[in-house]
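Colleague: I'd like a close look at one single part of this model, please. Could you pick a good place to begin and take me through it, with the cut-offs spelled out as you go?

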Amino acid sequence: MRKLLAAVLLAVPAVAYANVVWPALYLETRLFSWWAISVGLVIEYLFVRWLFGLAPSRAAVADLSANAASAVVGVVLIPIAGIAWELFPASVYNWALGWGTFNPITWAGTFLLACVLNAVLEGFVYKKAFKVDFKIKSRKFWWLVLANAFSVGVAFASLWIVPLHL
């Protein structure tokens, strides 16, 4: 029965819009630029050294590893988080205020989601691969969110300095 349902759904024609964008997609294009990555690695390295008390070389490996993992997983999760944001709560306040997708609240939500998601993913790597004491909702977690706010902030600010022309 499931196979039949899947076959029927695949056979139903659907309209695809390749021009659908939302703030998380815009931000993601800048998160993967070499200069944003470089600045982010340096800033987060300093936080990793301080937060976890790792030796310089171990902190560098931890920083690179955690950021690589968050990039691989984040390339999917950040846009999904942006879509989830658009469904709720953005659909409610956009409707109430007569706004579209690109508004100050959605931009702020996108920024915060990117910071928190990166901190969760990176914290998982630090905890599992580097055996540091790390828990979500701990003081260290919020410091890691702040570190990500600096690195995501560089990419975020660049959207206004040099806007995308899509």
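**The nonpolar core and what surrounds it**

Modeller: Gladly! Let's begin with the largest nonpolar core, which has 31 residues; those touching the most other members are Leu27, Val48, Phe52, Leu54, Tyr126, Val132 and Val152. At least two residues of this core come from each of helix H2 (23-31), helix H3 (34-52), H4, H5 and helix H6 (139-161). H5 gives the largest share, with 8 residues. By a nonpolar core I mean a set of buried Ala, Val, Leu, Ile, Met, Phe, Trp, Tyr and Cys residues joined through side-chain atoms within 4.5 Å. Buried stands for under 20% relative accessible area, exposed for over 50% and partly exposed for what lies in between, using a 1.4 Å probe and protein chains only.

Please keep in mind that this is a predicted model: local features need pLDDT of at least 70, side-chain atom pairs count only at pLDDT 80 or more, and totals for chains, interfaces and linings use all residues. Residues are numbered from 1 along each chain as its sequence is written, while side-chain values use heavy atoms and leave out hydrogens and water.

For orientation, the protein has 6 helices and 0 strands, so its elements run α-α-α-α-α-α from the N terminus on. Helices (H or I, at least four residues) and strands (E, at least two) are DSSP runs, numbered from the N terminus. Of the 166 residues in the protein, 38% are buried. Among contacts with a separation of 6 or more, 72% join residues 24 or more positions apart; a contact means heavy atoms within 4.5 Å.

Now to some individual core members. Leu27 is found in helix H2 and is buried, with a relative accessible area of 0%. Setting aside neighbours within four places in sequence, Leu27 is in contact with Thr110, Ala114, Val152, Ala155, Phe156 and Leu159. Leu27 and Trp107 are 80 residues apart in sequence, and their C-alpha atoms are 9.2 Å apart in space. Leu54 is another good one to click on: apart from neighbours within four places in sequence, Leu54 is in contact with Val48, Arg49, Ala59, Ala62 and Val132.

Tyr126, also on the list of core members above, leads us to a charged residue. Asp63 lies in helix H4 (residues 56-97), and beyond its neighbours within four places in sequence Asp63 is in contact with Leu41, Glu44, Tyr45 and Tyr126. Asp63 is buried yet has no salt bridge, and the nearest side chain of opposite charge, Arg49, is 11 Å away. For charge, Lys and Arg count as positive and Asp and Glu as negative, with His and the chain ends not counted. A salt bridge is a side-chain nitrogen of Lys or Arg within 4 Å of a carboxyl oxygen of Asp or Glu. By this rule the count comes to 1 salt bridge: the side chains of Asp133 and Lys135 meet at 3.7 Å, N to O. Asp133 and Lys135 are both exposed.

Next, follow H5 itself, the helix with the largest share of the core. Helix H5 (residues 104-130) has 27 residues and reaches 38 Å from its first C-alpha to its last, close to the 39 Å expected at 1.5 Å a residue; the expected span is 1.5 Å times one less than the number of residues. At the start of H5, a side-chain oxygen of Asn103 comes to within 3.0 Å of the backbone nitrogen of Ile105. Ile105 also turns up beside Trp99, which is in contact with Tyr93, Asn94, Pro104 and Ile105 once neighbours within four places in sequence are left aside. Trp99 sits in the loop between H4 and H5 and counts as partly exposed, at 36% relative accessibility.

Finally, a few backbone points to look at. Most residues other than glycine have a negative phi, and most peptide bonds are trans. Just after H5, Lys131 takes a positive phi of about 50°; this residue lies in the loop between H5 and H6 and is exposed, with a relative accessible area of 67%. Lys137 lies in the loop between H5 and H6 as well, has a positive phi of about 75° although it is not a glycine, and is exposed at 71% relative accessible area. The peptide bond from Phe88 to Pro89 is cis, with omega near 20°, and Pro89 has its place in helix H4.

How values were computed. Polar contact = N/O pair within 3.5 Å; in protein donor to acceptor, adjacent residues only side chain to side chain.
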